[in-house]
Amino acid sequence: VQAVHTARMPEGNLIGMRIESAKDYEVFVDILEQLAHIHAAEIIHRDIKPENILRRTDETGNRQVRIIDFDIARVTPEAPEYLIAEQLFRQEDSFVGTVPYSGPERMAPGGINIDDPRLDIYSVGAMLYEAVTGEFPCETCCATPTKPHDHIPPDPEKLTTAGVPPA
């Protein structure tokens with residue numbers, strides 16, 4: 001990992017992070033690389049959000065990003081037996097997570113127990129969209145499990161006006 005100038009990026013979590021330069025995107029690359037390792041271990045975090053991402057710059061100037069708070073994480077059926085056994089004591093019958101960063105599948109009727117690593121990736125995308133535009137990617141950022149996200153795609157014009165070049 002290369003040294004990164006972080007004067008505008010305070011130490012701590014990603015709350016309020018805004019993308020101001022190409023270097024700022026590297027934080028999201030680091031998050032995705034860590035998720036790849038987590039998912040390879042058959043673990044699904046289920047609550048990826050700015051508060052659960054810590055960042056700092058070490059004494060040598062290298063950026064460090066860590067995913068924290070695995071309280072509601074789940075393991076896949078392919079996980080080692082000891083992890084599956086521990087999970088049996090943590091079954092939920094109501095929604096857990098952070099609504100604006102949760103994928104629409106989890107908000108749909110019967111979606112409470114959908115556990116798919118792709119939903120963690122959706123959460124990273126929601127955080128990135130928020131960092132670029134200052135808004136949540138859904139029209140109803142106040143969605144709840146009983147009132148799901150409107151399935152209205154984000155306005156691409158918001159991305160181009162935020163300084164992100166069109167694809």
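Student: In this predicted model, what covers the buried residues of α1?
Tutor: The model is predicted, not experimental. In α1, the buried residues are Val27, Phe28, Asp30, Ile31, Gln34, Leu35, Ile38 and His39. What covers these residues includes β2 (43–44), β3, β4 and α4.

Student: Why does the distance between the end C-alpha atoms of α1 agree with its number of residues?
Tutor: Helix α1 has 15 residues, and the reckoning uses 1.5 Å a residue. The expected span takes one less than the number of residues. The helix should therefore span 21 Å, and its end C-alpha atoms are indeed apart by 21 Å.

Student: Which residue just after α1 takes a positive phi?
Tutor: Helix α1 comprises residues 26–40. Just after this helix, a positive phi of about 65 degrees is taken by Glu42.

Student: Which residues touch the most other members of the largest nonpolar core?
Tutor: Nonpolar side chains tend to be buried together in soluble globular proteins. The largest nonpolar core here has 18 residues. Helix α1, strand β4 and helix α4 (117–133) each supply at least two residues of this core. The members that touch the most others are Phe28, Ile31, Ile53 and Met127.

Student: Which residues does Phe28 touch, not counting residues up to four places away in sequence?
Tutor: Phe28 is one of the buried residues of α1. With residues up to four places away in sequence not counted, Phe28 touches Met17, Ile19, Val124, Met127, Leu128 and Ala131.

Student: In what order do the three strands of the open sheet stand?
Tutor: Two bridges join β1 (residues 12–13) to β3 (residues 53–57), and five bridges join β3 to β4 (residues 63–67). The edge strands, each pairing on one side only, are β1 and β4. With antiparallel pairing, the order is β1-β3-β4.

Student: Which residue of β4 stands opposite Ile53?
Tutor: Strands β3 and β4 run antiparallel. Opposite Ile53, in β4, stands Ile67.

Student: Which residue in the hairpin of β3 and β4 takes a positive phi?
Tutor: The hairpin has five residues between the strands. A positive phi near 90 degrees is taken there by Gly61.

Student: How far from Asp120 is the nearest side chain of opposite charge?
Tutor: Asp120 lies in helix α4 and is buried. Its contacts include Leu35, His39 and Arg46. A salt bridge needs a side-chain nitrogen of Lys or Arg within 4 Å of a carboxyl oxygen, so Asp120 has none. The nearest side chain of opposite charge belongs to Arg46, at a distance of 7.3 Å.

Terms used:
Residues numbered from 1 in each chain as written. Predicted model: local features only at pLDDT ≥ 70, side-chain atom pairs only at ≥ 80, totals over all residues. Heavy atoms only, no water. Pairing = 2+ DSSP bridges. Helix = DSSP H or I, 4+ residues; strand = E, 2+ residues; numbered from the N terminus. Core = buried A, V, L, I, M, F, W, Y, C linked by side-chain atoms within 4.5 Å. Buried < 20%, exposed > 50% of the residue type's maximum accessible area, 1.4 Å probe, protein only. Contact = heavy atoms within 4.5 Å. Lys, Arg positive; Asp, Glu negative; His and termini not counted.
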